[in-house]
Amino acid sequence: MTDTTDSSLDTTSVVPVTTDAGGGLEAPLRAPAKGEKARSLGTDVWDELRHRPMFWISAALIAFFVLMAAFPQLFTSTDPHLADLSKAREAPSADAWFGRDNQGYDVYARTIYGARASILVGIFATLFVALLGSFVGVIAGYRAGWMDSLFSRIAEIFLGIPLLLGGILFLYVFPNDPLTTPFLVQVGKVALVMGIFGWPTIMRLMRGSVLQVKPNDYVQAARALGASPTRIIGSHILPNSLASVIVVSAINLGAYISVEATLSFLGIGLQPPAISWGIQISEASGIGMIRAAPHMLFFPSLFLSLTVLSFIMMGDVVRDALDPRLR
Amino acid sequence: MGKYIIRRLLQMIPVIIGVTFIIYVAVFALGDPTVGRCGERSCPEGYIAKFRADYNLDKPLIVQYLLYMGNLVQGDLGTNFFGNRVIDELAERWPVTLKLGLMALVIESVIGITAGVLAGIRRGKFIDSLVTVSTLLLISIPIFVIGSFSQLIFGVRLGWFPVTATQGTFYQLIMPAFVLASVSVAYIARLMRTNLSENLRADYVRTAKAKGLTNARTVGVHTLRNSLIAVVTFIGIDIGFLMGGAIVTERIFNINGIGNFLYRSINQKDGTSVVGTIVCLVLIYLVVNLLVDILYGFLDPRISHD
């Protein structure tokens, strides 16, 4: 649990890109011609991303799933709550493209409607983690001293509880009731739990990059000119640290969707009238069901994995574009 | 070195206190510990009063917590509503979970390191892309999906492995161990690849090559050992993944271990067992991480001399 352990993890290690590093490496390679505007980090990254098929594939997938979450009616006109018991476990057909599940629900309709839970949990959890983590990280890094030690110790405590175990514990103690808890509250609770145990990663990242940027000359110059801490943080420190936070957040978004599905699979996350891929997969697992109706397992699993994949892939691609060492 | 170990031990104390305090407050002060003790209905007044007295919930919070910690140190995790001590339930089940975990650890280290080394020394070649893409897929597919599909394909359809692992024998545990290891294999391979290719660009590698060492020796002796340090430290975090994964894997393959016990306790609303098991797992996680940190100090002298 030392800092080194965390930062050496491949998926989370992101070199905080300072304008110095980016500019210094780029300058000799692509010297701007006379009259051309100076290149910013943003245009460099965009140039890099535009030429990568992985970027376009993941962007298209993300757009597709977000659209599905926002307007499921565009994809299906079947009511996902309409159960036809006489057709239970029917294999895929022209009538129900992905077949029917144990209750006779249309698996296709439920898979489409299931996107909403996953995307919402992912977005809420990521926003919560990014905002709380960045806020605490900036304060700890900028103020230093006892505040830094205090927040770092608190972060260490929350890192001491693995995400899934913490999630099970909190959702067990503050359970989602299947009938009385509204859908959005259930989603919010699951997202909140992930926020509680997820913020230390972003906090450490942010703290590290603030500490790295703070001693730079331009920050000292701003301070000498009398800029307030808010201004220094807002216009000099944040822009330099934000890139890495965004990348890790994208990768984490995928991971949170996966954890939500796992919690729902274990019967403790979202609760059954709510529609979620985790619940669908949970209902489809078990040997009897796997033998009788593998289509129940296949389609939600495929959609879930593709969603997680698209966010992780996006994070990976953007990180490669941002990381000057890999160019 | 001694100083480093003592410092790590001392740093551990506030973390353990903090973690147990958070869990205690969440469960006993903020939450309602009697939830589920009386089945679907809420508990009668008299039972709640007795429960609160038995668990010291009528005392001030700090006293409650200290009494709870006192019990915890003596190995008392509470008694579940079947009247069994949670610690006994866990004692009965840990061997099979440990076996599963160790098998997964061996599988992920062997496959992960091999794949990572192959990708790292042939960076940009076909094998590199293969490893990068397949690890991306492995990370993206949740473990319960991998588990259910292996059960369907290798257990039911092909019949290569037993579909469930109720007795927990070595042969039965092979498929569950592969499933449990799957995500960590990907992490280890990626970690190994990044570190190896980074180390291969280091100055000491150039020196080694310049003095005429063979490629195998430069990679095998000099670079590999340095890159392995990162993998060892990953194992600390990995224990957390494995614990989470074990709950899912043991549920799918019906293995009678700690994970399955936790899963069943959740669904039987057996709160004492859920909380006791999680406290126990979190403490194990912290201790393993402490050991890994100390081991890290031995492997990488730069760390222990700060």
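**Group meeting: a look at chains A and B**

Hi everyone, let me start with helix α11 of chain A, residues 277-284: eight of its eight residues are buried, so this helix is largely enclosed by the rest of the structure. Keep in mind that we are looking at a predicted model.

Which residues are the buried ones of α11(A)? Reading along, they are A:Trp277, A:Gly278, A:Ile279, A:Gln280, A:Ile281, A:Ser282, A:Glu283 and A:Ala284. If you scroll on past the helix, you will find that A:Gly286 follows α11(A) and has a positive phi, near 100°.

Staying in chain A, let's turn to a pair of helices. Two packed helices are described by the angle between their axes and the distance between those axes. Here the pair is α5, residues 107-143, and α8, residues 183-213, both of chain A. Their axes come within 5 Å, and they cross at roughly 35°. As for the hand, the crossing of α5(A) past α8(A) is right-handed. And what sits in that contact? The residues of the contact of α5(A) with α8(A) comprise 25 nonpolar, eight polar and two charged ones.

Now over to chain B. Its secondary structure is twelve helices with zero strands, so to speak a plain α-α-α-α-α-α-α-α-α-α-α-α when you read along the sequence. Its C-alpha atoms fill a box of roughly 80 × 55 × 30 Å along the principal axes. Of the 306 residues in chain B, 41% are buried. For those of you who like contact maps: take the contacts in chain B between residues at least 6 apart in sequence, and 73% of them join residues at least 24 apart.

How do the two chains meet? On the chain A side, 44 residues are in contact with 50 residues of chain B. Several helices of chain A supply at least two residues each to that side, namely α1 (3-7), α6 (145-159), α7 (163-173), α10 (229-265), α12 (287-292) and α13 (294-322). The largest share, ten residues, comes from α13(A). By residue type, the side of chain A that touches chain B divides into 27 nonpolar, twelve polar and five charged.

Finally, a word on confidence, as I expect somebody will ask. Chain B has a mean pLDDT of 83, with 97% of its residues at 70 or more. For the complex, the predictor gives an ipTM of 0.84 and a pTM of 0.83. Thanks for listening, and I'm happy to go back to any of these views.

Methods. Residues are numbered from 1 along each chain as its sequence is written. Chains are lettered from A and ligands numbered from 1 in the order in which they are written. This is a predicted model: local features need pLDDT of at least 70, side-chain atom pairs count only at pLDDT 80 or more; totals for chains, interfaces and linings use all residues. Helices (H or I, at least four residues) and strands (E, at least two) are DSSP runs, numbered from the N terminus. A residue is buried if 20 or more other C-beta atoms lie within 10 Å of its own, exposed if 12 or fewer, and partly exposed in between; C-beta atoms are placed from the backbone. Two residues are in contact if their C-beta atoms, placed from the backbone, lie within 7 Å. Ala, Val, Leu, Ile, Met, Phe, Trp, Tyr, Cys and Pro count as nonpolar, Asp, Glu, Lys and Arg as charged, and the others, Gly among them, as polar. Axes are lines fitted to C-alpha atoms, for helices over the stretch in contact, and angles run from 0 to 180 degrees between N-to-C directions. A crossing is left-handed if the near helix is turned anticlockwise from the far one by less than a right angle, and right-handed if clockwise. pLDDT is the predictor's confidence in each residue, from 0 to 100.
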